[in-house]
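Work through the exercises below with the sequence and the structure open. Try each task before reading its solution.

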Amino acid sequence: MATDVTTDASSGATPDPAARVTAPGGKKNAPDLGLGRLYLRRFLRNRLAVVGVVIFVLLVLFSAFGSLFTSYAYSDADFAALTQPPSAAHWFGTNQGGNDVYASAVHGLQRSLAIAVSVSVLTVVVAAVIGSSAAYFGGRVEKATLAVIHFLLVVPSFLILALVSHRLAGDWRVLIVVLTVFGWMSTARVIWSVSTSLRERDYVTAAEFMGISAPRIILRHIIPNLGSLLIVNLTLGVVATVLSETALSFLGFGVQTPDVSLGTMLADGAGTITSAPWLFAFPAGLVVLLTVSMTFVGDGLRDALDPTSVTGAAGGRR
Amino acid sequence: MTLTTLAATPAPTDATPVLSVRDLRITFPSEAGPVEAVRGVDFDLLPGRTLGIVGESGSGKSATAMAVMGLLPPSAELRGQVLLGGRDLIGLGDKELSALRGSSIGMVFQDPLSALTPIFSVGRLLSDALRVHQDLTKRAAWEQAVELLDLVGIPDPRGRAKSFPHEFSGGMRQRVVIAMAIANKPSVLVADEPTTALDVTVQAQILDVLRLAQQETGAGLVLITHDLGVVAGHADDIAVMYAGRFVERADVDELFRRPTMPYTARLLAAVPTVDSGVHRPLVPIGGEPPALVDLPGGCPFASRCAVAQDACRADEPALREITGHGHVACLRADEIADGTLDPAGDTGPDDGPGGSGPEATGEVVLRVEDLVKTFPVTKGALLKRRVGTLHAVNRVSFELRAGETLGLVGESGSGKTTTLLEVLRLKRPEGGRIEVAGTDIGTVDSAARVRELRQDVQIVMQDPLGALNPRLPVFQLLAEPLQAIGRDRESIRSRVHELLALVGLDASVSGRFPAALSGGQRQRVGIARALATEPKLLALDEPLSALDVSVQAGVINLLARLKRELGLAYLVVAHDLAVVRYISDRIAVMYLGHIVETGDTESIFSDPRHPYTRALLSAIPVPDPQRERARERVVLQGEQPSATQPPAGCVFVDRCPLYRLADEEVRGRCRTERPEPTAVAGRPGHQYACHAV
Amino acid sequence: MVRHVIRKAAGWLLMIVVATNATYFLASWFLDPRSNFKELRPVRTEEQIDRALAPYNLNPQEPLLHRWWDWFTSVVFHFDWGKSPTGVSVNGEIGYRALISGELVIIATILSVVIGVTLAVYTASRQYGWADRISQAVSIAVFNIPTSVAALAVVFVAIWLNQNAGLHFLYVAGENSPGVEGLFPTIGDRLLHLILPTLSLTLMGYVGYHLTQRSLLLDTINADFVRTAQATGLTRSKAIRRHALRAALIPTATSVAFSIPAMFTGAVITETIFGWNGMGRYFIQTISKNDVHGTVATAAFAAALTAIGAILADIATVFLDPRVRVN
């Protein structure tokens, strides 16, 4: 049964290797620093994570203010310069329709970021509520939820995604909804498997015996204790969404012209990779910078927030 | 199996030690700086002798064991010498060390549930262990493995060798671990808390197996434990560890007769025991052990010591020989040794003694009649089909009055916790009746009424760290039950401060998170939370078992004071009879879902009737070597069977020592007829269920 | 043990049936074959369009349940997957395509598992060594590159190799060369065409196994039972190899099934880039042509692949974990 995966993995992660060899002091001194400061210090010690944050911030700034540095808009066509390599006038060159690649890249990055961040946030929220509720209520609710999750995981969700977005997409906001609706399952499954161990925690039982209502227990006692897992999944969710969006757009099922995302730019550039490589290279570079920076941030956060678990969010990728 | 002798044969004086540790120091890196877990430990271990290392959690005892085995994580920094047969193990590579591990040193670990590779049969594990060091054919190794399983007392060793670890109980797995440790007849055995995870009657068996294993191999044994009772009966020499050092090292009799380091003395005074004749008040040690990062100079115990002087805070005293008292690391050891100084100082008990006597005649707070609880046993992953019924609780009855404490005692699987949870659930039980404060909870159907009843019944849980949500500060933790009953903000604030004062905590802790509290403080928060809604009945689920001995006593005294002041009724579930004795007015002993004996605490302890109660009492080691050796022990055979197919007659029949001695007519009744509670003449309330007594 | 596998296989068969039928309804809701006729001149009336679709069981005037039942019975009794809106038989299209796509996905999956797990085992026992750091960095980089970019990079490199190193066997387009005759030349030609798509798909697939297997192994390495094994006298690396590895492989084996859908997604993109006429490309074509029956057949194919992967994983689990055999 597939359930074994997570139980085995998470049980392996629970015992704290540091505690086993009786290393006191650490736990007594740490809180004096303040939990937040401690996490920050651990995060900052991870150089790659800091690099990731810097890159991500630069990308966000680029997408927000990059358009100020060019006189072209992404939709403007410069018929005097079709398929031109990078030049002083067109920093990233132009495409077959005469669109400025720099302006398109700024706009495409903006679209891709907006889609990735909102899908990632929505996915984590939906997955946290569904996953932890399934774990908390157990019994039939849990069985039914897991059946749905497993079913959706086994059927290539990409296939359904393509099917649905073919009809509805074009509008990037619809794409957000579609990607969320078909993207929450694997995160929910990870959250469910961690929550099943939280469900057994004494403080949850204690809350039940105090007469606390179920929604309140889930919101106050289970979800906050998933903290690091949720944050890490948030960053990895950005990566996963960017990859899904590019894949969909590449095949023509994502954002539709005249709108532009990094995925559509990749698709347009792929055909002319030998004759006009700049059409492909700039969006590809931006996508990779975006995903790599988020992965570094995610790994850094995981190490900083949850030094004992190596597995944790690994199952939630893709 | 009744054992009264101890292998206390004095070792010949010219024997060379099999293991010598010299100035061992271990440092772990941590966020807050290097943790000096072990700060200079010396000892010699002679063949055939047992050295007990006693200490509380964080004292460095397990790190010492791991250092001897060469199994510390690579991040640990190691200095000093570990001499095994004259060869220094520190600095040896993994390859050289692995040639010695298993062949010269064997190790028994704390948690047998996780210590065995789940995907190999125990026969395979054992024969692999043999073949690492010996050139054996697979068949020969398997044969030896079967012999070893037989030696450590696994029934049907040939058949069971093919079984996987998860098919064994905890006690049986620990026997396998011991068999693996002694497979190649090592000269040194290291046992790290070998019985902590086990039930008391199983603990007694495992300690016997360990002794047998030692006799069989002639090895020197390092026995590491937090339980003073375990070392009293099983060690020849004892070293007490505190803050990474030995603070006292002496012959077992010497140490218990006159503990000379104040820490040892205070520790012994804080341990509840089963067999002391009178109700001895427990004296807690104030404070907590120090953190081992940037340890200030001076004696690490000085801040908790009643007889500390200024000199104690200046320099850390070295371990030095005190004539007739072994080695002690205390400046005032001479005064304590010759009896002119009481190491406890004049600190009397800070609260009154535990038991309040049998005068509790308040209203009945809880009445349980014929309570039944079963669980379905299912099989199959896709379509679950019911293959049996687990009779967790079977016709259990008792009542509890205000101001009274009832202790439910039994081993894991006896149904004591299930009983407690059934009471707390406040739902109509599967069978029988539960009455809380005069209300039959089977008749309560409105949610509002259930909420009202909830206020009357609250719980304190076993592990104080686990029972407190780590993401909420103390104030929020205590406010939660009050919010649940709809108190307003202002009254919550004043009530929280009232509660903190009630359990003896400073108001300043209200902003802290549980991780920033000490174990004792956490349990006090847990108690305060349970008291928030002014309950009449407090359910205590193993309230002390997660606490260190030095902290336990303080919580026991707090519980006693609260009961007196607030007129509470306690329903205590515990496996440790010694602890229960200190807090209970009455005791009910449970076995396989049944109450087999019930009565006043003193009556049960002075005159146990049921053979199981007797065995349970005698299985608990006493922290006094003389009495521990002299008393008669009833070591039960086997383990508690599964409650899926309880015997038709007496549930204890399989393990009962009386059954074996009884005549045919009684045996027949034991097998076929459930014994009814019988009253003990002259002792009101004392009942037992046995045909053979 | 055989019973165990058969029980599992029955479960998966059920999964395929449910998944395929669910896709049928989804496809019928979201794909509108009528729109294919909108662009045609002369303009057709609604009735004309409906009449044109009716012989292919696609007439929207017919109740959905009715159409479903006809489709379902013909699949079950005749293994006839229906017709496209232009009347092309789905069966005729998918036979050959399923073969080459199945080949691609299964070979890439096997290679991914083998490479990923081997790499994980090799690096986990040398945690933070240079081999571990480098392979970790490479895997994270690959993990972050969209499949389309990676596949195009492979094409780029192959073209460069062909031009500069004088290689002729790296084919960047199509699944076979025209005009090859005879059994062995055909097989050889096919295999050569398989190299690059399989390479790009494996590149995308191995990463997941490497990263998760590595962390699983690192978790297991610190398990108590590995310490016990060391205490019996095994060196650390032997204890890891004999005791930790097998235990850590079990979750990976079970996860193979869940990775196949992602592999299929990768195949869709890879086939598009390498110009393969496989199921992946067929899927895209059917969706853009509003071909309900073709889409459903693709979904059934993907589900079947998943089931095959899952059953293989179950068999692997049985071999890895003797406890399953006993129960």
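The exercises that follow deal with a predicted model.

**Exercise 1. Two chains compared by their make-up**

Task: State which secondary structure elements chain C has, and describe how much of chain C is buried.

Solution. Step 1: count the elements. Chain C has twelve helices and zero strands. Read along the sequence, the pattern is therefore α-α-α-α-α-α-α-α-α-α-α-α.
Step 2: look at the extent. Along the principal axes, the C-alpha atoms of chain C fill a box of roughly 85 × 60 × 40 Å.
Step 3: look at burial and contacts. Chain C has 327 residues, and 49% of them count as buried. Among the contacts in chain C with a separation of 6 or more, 72% join residues 24 or more positions apart.
Step 4: repeat for chain A. Chain A has 15 helices and zero strands. Of its 318 residues, 55% count as buried. For chain A, residues 24 or more positions apart make up 71% of the contacts with a separation of 6 or more.

**Exercise 2. A helix with two faces**

Task: Find on which residues the buried side of helix 5 of chain A lies, and which exposed residues are on the face turned away from that side.

Solution. Step 1: check the length. Helix 5 of chain A runs over residues 47–65 and has 19 residues. At 1.5 Å a residue it should span 27 Å, and its end C-alpha atoms are 27 Å apart, so the two values agree.
Step 2: list the buried residues of helix 5 of chain A. They are Ala49(A), Gly52(A), Phe56(A) and Ser63(A). These residues are on the same side of the helix, because they cover an arc of only 50° around the axis.
Step 3: recall the geometry. An α-helix has 3.6 residues a turn, so residues three or four places apart point the same way.
Step 4: turn to the other face. Away from the buried side, helix 5 of chain A carries the exposed residues Arg47(A), Val54(A), Val57(A), Leu58(A), Leu61(A) and Phe65(A).

**Exercise 3. A covered helix**

Task: Decide whether helix 10 of chain A is mostly covered or mostly open.

Solution. Step 1: helix 10 of chain A covers residues 185–199, which is 15 residues. From its first C-alpha to its last it reaches 20 Å, close to the 21 Å expected at 1.5 Å a residue.
Step 2: 13 of its 15 residues are buried, and helix 10 of chain A is mostly covered.

**Exercise 4. The contact between chains A and C**

Task: Describe the side of chain C that touches chain A.

Solution. Step 1: the contact takes 45 residues from chain C and 44 residues from chain A.
Step 2: several helices of chain C each supply at least two residues of this side, among them helix 1 (2–30), helix 7 (183–221) and helix 9 (236–274). Helix 9 of chain C gives the largest share, twelve residues.
Step 3: by class, the side of chain C that touches chain A has 30 nonpolar, 14 polar and one charged residues.

**Exercise 5. Domains of chain B**

Task: Describe the contact between domain 1 and domain 2 of chain B.

Solution. Step 1: chain B is divided into domain 1 (1–10 + 18–112 + 186–273 + 282–348), domain 2 (364–591) and domain 3 (602–693).
Step 2: the C-alpha centres of domain 1 and domain 2 of chain B lie 35 Å apart. The contact takes 16 residues from each of these two domains.
Step 3: on the side of domain 1 that touches domain 2, helix 7 (200–217) and helix 10 (262–270) of chain B give two or more residues. That side divides into nine nonpolar, four polar and three charged residues.

**Exercise 6. Two single residues**

Task: Classify Leu537(B) and Ile140(C) as buried, partly exposed or exposed.

Solution. Step 1: apply the cut-off. A residue is buried if 20 or more other C-beta atoms lie within 10 Å of its own, and exposed if 12 or fewer do.
Step 2: Leu537(B), in strand 19 (residues 537–541) of chain B, has 20 such atoms and is therefore buried. Leaving aside residues up to four places away in sequence, Leu537(B) touches residues including Val365(B), Val436(B) and Leu571(B).
Step 3: Ile140(C), in helix 5 of chain C, has 18 such atoms and is therefore partly exposed.

How values were computed: Residues are numbered from 1 along each chain as its sequence is written. Chains are lettered from A and ligands numbered from 1 in the order in which they are written. This is a predicted model: local features need pLDDT of at least 70, side-chain atom pairs count only at pLDDT 80 or more; totals for chains, interfaces and linings use all residues. Helices (H or I, at least four residues) and strands (E, at least two) are DSSP runs, numbered from the N terminus. The expected span of a helix is 1.5 Å times one less than its number of residues. Two residues are in contact if their C-beta atoms, placed from the backbone, lie within 7 Å. Ala, Val, Leu, Ile, Met, Phe, Trp, Tyr, Cys and Pro count as nonpolar, Asp, Glu, Lys and Arg as charged, and the others, Gly among them, as polar. Domain bounds come from an automatic or database domain assignment. The arc is that of the directions from the helix axis to the C-beta atoms.
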